[in-house]
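Here's a quick tour of side-chain contacts, from charge pairs to rings to a bit of greasy surface. Have the viewer open and follow along.

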Amino acid sequence: MTVLSNRLGGTTGVELEADPPAALLTDDGQARTLGARIKAYVALTKPRVIELLLITTLPVMFLAAKGVPDLGLVLFTLLWGTMSAGSANAVNCFIDRDIDAKMRRTRRRPLARHQVSPRAALVFGVALGVISTAGFLLTVNTLAAALSVGAILFYVFVYSLLLKRRTKQNVVWGGIAGCMPVLIGWAAVTGSLAWAPFVLFGVVFLWTPPHTWTLAMRYREDYALAGIPMLPVVAGEKRVVVESLVYTWATVLCSLLLWPVAGLTPVYGAVALLLGAVFLLEGHRLLARVNRGLTGALLRPMRFFHLSNSYLALLFTAVAVDFLFQ
């Protein structure tokens with residue numbers, strides 16, 4: 001049940017954290033107090049990334065249950081899902097500790113600042129994965145556990161180790177891990193899979209590239225310095241914007257496909273159309289700015305990035321509450 005993240009490799013945590021007071025660190029940068037150490041380990045899980053994953057998990061459980069799902073099942077699914085995502089993110093921090101130290105956006109992460117040792121971070125990440133898998137098996141079901149393990153392994157081995165530093169398509173295919181919470185939420189309720197969750201899987205899959213690329217436009221120099229071949233690093237701004245707009249159109253069309261596939265009401269259809277129109281409008285505004293010759297910060301790519309977060313959250317909220325109108 002892991003990234004996006006990249007909510008896609010930490011793509012939603014754009015705020016820079018303040019440096020911890022020197023009194024809270026040992027001579028080698030390790031966190032000194034218990035509270036500081038706990039905060040450092042929590043930071044390894046990338047909580048802001050997990051927030052977005054949970055936003056896509058819970059509504060699907062409502063959709064699968066055709067109403068309000070069992071509260072205990074919801075709590076267990078979100079708990080183990082959080083730990084699963086935290087597992088993948090912590091291991092990702094272990095893998096990326098060298099490049100995190102170079103990038104302005106990530107240089108205050110615990111491993112980059114030596115607040116946690118690499119070995120401790122790896123053990124922590126693996127332990128979270130083991131506990132979350134056991135939790136899914138004991139309190140949810142086998143299919144949800146298998147999907148959770150698959151998401152962790154995909155994010156660690158396919159995205160973090162294979163794709164991220166080698167190809168400009170890293171977030172396209174690596175984003176598959178961030179789509180898995182949709183399937184996990186459905187499987188938790190039904191013990192099976194169906195077309196509806198796969199359509200929502202497609203929504204998140206298609207949404208991920210433009211969401212991530214517009215963030216990467218803002219931090220292009222960071223990625224270039226770290227040697228990460230994100231599309232904005234290896235291609236011109238117009239190409240990035242055009243490709244982002246293509247994926248944005250595909251995202252909106254896929255969101256509308258859910259209407260007949262899941263048998264949702266016209267309320268969902270109206271909300272999806274409205275949200276899609278706003279999302280596409282901002283994408284075309286971004287294209288207009290690049291066509292006028294604007295570049296860099298003048299393109300304001302972060303407007304699209306922040307809007308993309310709101311779009312996904314509101315769309316999935318509409319999925320969750322649609323049963324009220326049936």
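Asp96, Asp98, Lys164 and Arg165 are linked in a network of salt bridges. The rule behind that term: a side-chain nitrogen of Lys or Arg has to be within 4 Å of a carboxyl oxygen of Asp or Glu. By this rule the count comes to eight salt bridges.

Before going further, note that this is a predicted model, where local features need pLDDT of at least 70 and side-chain atom pairs count only at pLDDT 80 or more, while totals for chains, interfaces and linings use all residues. Residues are numbered from 1 along each chain as its sequence is written, and side-chain values use heavy atoms, with hydrogens and water left out.

Here are some of the individual pairs, with their N to O distances:

| Acid | Base | N to O distance |
|---|---|---|
| Asp100 | Arg109 | 3.4 Å |
| Glu243 | Arg239 | 2.8 Å |
| Glu282 | Arg303 | 3.2 Å |

How much of these partners is covered? Take buried as under 20% relative accessible area, exposed as over 50%, and partly exposed as in between (1.4 Å probe, protein chains only). Asp100 is buried, with a relative accessible area of 3%, and Arg109 counts as buried too, at 14%. Arg239, in contrast, is partly exposed at 38%.

Arg239 and Glu243 both sit in helix α12, four residues apart, or about one turn of the helix. Helices here are DSSP runs (H or I, at least four residues), numbered from the N terminus. The Glu282 and Arg303 salt bridge works across elements: Glu282 lies in helix α13 (residues 266-291) and Arg303 in helix α14 (residues 301-321), so the pair ties together parts that are 21 residues apart in sequence. Glu282 is buried, with a relative accessible area of 4%, whereas Arg303 is partly exposed at 36%.

On to the rings. How many aromatic pairs does a search of the whole structure find? It finds nine. Rings of Phe, Tyr and Trp (its six-membered ring) pair if their centres lie within 6.5 Å; planes under 30 degrees apart count as stacked, over 60 as edge-to-face and the rest as tilted.

Tyr41 and Phe124 form an edge-to-face pair, 5.1 Å centre to centre with 65° between the planes. Tyr41 lies in helix α1 (residues 34-44) and Phe124 in helix α5 (residues 118-139), so this pair ties together parts that are 83 residues apart in sequence. Phe124 is partly exposed, at 23% relative accessible area.

Tyr155 and Tyr159 are a stacked pair, 5.4 Å centre to centre with 15° between the planes. Both lie in helix α6 (residues 142-163), four residues apart, about one turn of the helix. Tyr155 counts as buried at 0% relative accessibility, and Tyr159 counts as buried at 4%. Elsewhere, Phe279, Phe304 and Tyr311 form one aromatic cluster.

Charges meet rings as well. Arg97 lies over the face of Phe94, 4.4 Å from the ring centre, and Arg218 does likewise with Tyr219 at 4.8 Å. The test is NZ of Lys or CZ of Arg within 6 Å of the ring centre and within 35 degrees of the ring normal.

Last stop, the surface. Leu193, Trp195, Phe198, Leu257 and Val261 form a nonpolar patch with about 510 Å² of accessible area together. Patch members have over 30% relative accessible area and no salt bridge; like charges are joined within 9 Å and nonpolar side chains (Val, Leu, Ile, Met, Phe, Trp, Tyr) within 5 Å. Accessible areas come from the Shrake-Rupley method with a 1.4 Å probe, and for residues only the protein chains shown count as cover. Helices α9 (195-218) and α12 (237-261) each supply at least two residues of the patch.
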